[in-house]
Amino acid sequence: MEILAALIAAAVLVKLLERRVPRDAYRLLLLAGVIAPLAATAYAAYLVWNRWIGWTEVALLVGMYVVTGLGTTLGYHRLAAHRSFDAHPAVKLTFLALGAMALQGRILNWAAWHLEHHAHSDREGDPHSPRDGFWHAHLGWILRATPADRERYCGRLLRDRVVVFVDRTTELWVLLGLVVPYAIAGWTGLLWGGLVRIAVGNHLTFAINSVCHTFGSRPFRTGDDSRNNWVMGTIGLGEGWHNNHHAFPSMAFHGMSWRQPDATALVIRALARLGLVWNVRRPSAQSVERRLAA
């Protein structure tokens, strides 16, 4: 209970401070949000070195990574930022809340920065291009980013009541993402299903900005350095087919063949069969042919 009380107090403190502290101090809070899960991961590795963890902790790590990862890939990215499909409000709320649990930040900020990236990909104005340094693209940009221009890039999202609700209650969802594994398995559940899961999920997401603009193949002409990376495509729930995505940003399925596994696309297909999502966007065969690199 002491751990949970500390987490709740920290969330309340962040909520109060984000409007009152200088920007540099707030950046330190963001940095702490990155370092704390990494420190917990180092501690978890030490525990594994001395004794193996139980299957409950493994299941929590994998299960929480998958569901919160889908919150980022399906909810934050393909649904909110790119409108790759339309969804029932309950589906939208569920996946956006899961994205917040992943400690990806506020959905409106996330979407604004992401759409700014697409508008200026690997050019001046791109918030996280590896042309400004691999470390900058991976993580450093977060500490130097200018405020997200919500009005310019997310005007439609500002009128979406579900999106605005999740944005305003982000801390609640972050806490829930920590409380659930703690309720299931106590401290070790919080460690593996909470903090380690956040570290793994966040750095895989960061790697889309860094790795997938540096290493991999470029089947489509996009005018930037976006690349398909099969490792990130596989473990990143389909997000690693990044050159495909930049060629067709509103495309719901980033993997474009069976050789390009896309777990997020499988979930979207399942939801479409259930009638919970619709207007699933795909590029025409003609547009795909036109964009192929020579």
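Of the 294 residues in this chain, 50% count as buried. The model is a predicted one. The chain has 13 helices and two strands. Among contacts between residues at least 6 apart in sequence, 71% join residues at least 24 apart.

**Exercise 1. Classify the ring pair Tyr76 and Trp110, and place both residues in the chain.**

Step 1. Take the geometry. A pair of aromatic rings is described by the distance of the centres and the angle of the planes. The structure holds four aromatic pairs. In the one made by Tyr76 and Trp110, the centres are 5.7 Å apart and the planes meet at 75 degrees.

Step 2. Apply the cut-offs. Rings pair if their centres lie within 6.5 Å, and planes over 60 degrees apart count as edge-to-face. The Tyr76 and Trp110 pair is therefore edge-to-face.

Step 3. Locate the partners. Tyr76 is in helix H3 (residues 55-81), and Trp110 is in helix H5 (residues 107-119). The two are 34 residues apart, so the pair links distant parts of the chain.

Step 4. Check burial. The limit for buried is under 20% relative accessible area. Tyr76 has 0% relative accessibility, so Tyr76 is buried. Trp110 has 15%, so Trp110 is buried too.

**Exercise 2. Do the same for Phe220 and Phe248.**

Step 1. The ring centres lie 5.3 Å apart, with the planes at 85 degrees. That makes the pair edge-to-face.

Step 2. Phe220 sits in the loop between helix H9 (170-210) and helix H10 (230-235). Phe248 sits in the loop between helix H11 (242-247) and helix H12 (263-273). They are 28 residues apart, and the pair links distant parts of the chain.

Step 3. Phe220 is buried at 4% relative accessible area. Phe248 is buried at 10%.

**Exercise 3. Compare the span of H9 with that of a straight helix, and find the kink.**

Step 1. At 1.5 Å a residue, a straight helix of 41 residues would span 60 Å.

Step 2. Between its end C-alpha atoms, H9 spans only 26 Å.

Step 3. Look for a bend. H9 has a kink of about 145 degrees, centred on Ala185.

**Exercise 4. Describe the surroundings of Thr170.**

Step 1. Thr170 lies in helix H9. Its relative accessibility is 6%, so Thr170 counts as buried.

Step 2. List the contacts, leaving aside neighbours within four places in sequence. They are Ala100, Gly105 and Arg106.

Step 3. Focus on Arg106. Thr170 and Arg106 are 64 residues apart along the chain, yet their C-alpha atoms are separated by 6.2 Å. A polar contact of 3.4 Å joins their side chains.

**Exercise 5. Is His254 buried or exposed, and which side chain makes a polar contact with its own?**

Step 1. His254 lies in the loop between H11 and H12. Its relative accessible area is 1%, so His254 is buried.

Step 2. The polar partner is the side chain of His245, at 3.4 Å.

Step 3. Widen the view, again leaving aside neighbours within four places in sequence. His254 is in contact with residues including His77, Arg78, Glu239, Trp241 and Asp262.

**Exercise 6. Where does Arg269 lie relative to the ring of Phe253?**

Step 1. Arg269 lies over the face of Phe253.

Step 2. The distance from the ring centre is 4.1 Å. The cut-off for a charge over a ring is within 6 Å of the centre.

Terms used. Residues are numbered from 1 along each chain as its sequence is written. This is a predicted model: local features need pLDDT of at least 70, side-chain atom pairs count only at pLDDT 80 or more; totals for chains, interfaces and linings use all residues. Side-chain values use heavy atoms; hydrogens and water are left out. Rings of Phe, Tyr and Trp (its six-membered ring) pair if their centres lie within 6.5 Å; planes under 30 degrees apart count as stacked, over 60 as edge-to-face and the rest as tilted. Helices (H or I, at least four residues) and strands (E, at least two) are DSSP runs, numbered from the N terminus. Buried means under 20% relative accessible area, exposed over 50%, partly exposed in between (1.4 Å probe, protein chains only). A charge sits over a ring if NZ of Lys or CZ of Arg is within 6 Å of the ring centre and within 35 degrees of the ring normal. The expected span of a helix is 1.5 Å times one less than its number of residues. The bend at a residue is the angle between axes fitted to the seven residues ending there and the seven starting there. A polar contact is a pair of N or O atoms within 3.5 Å; within protein, one must be able to donate a hydrogen and the other to accept it, and residues adjacent in sequence count only if both atoms are side-chain atoms. Contact means heavy atoms within 4.5 Å.
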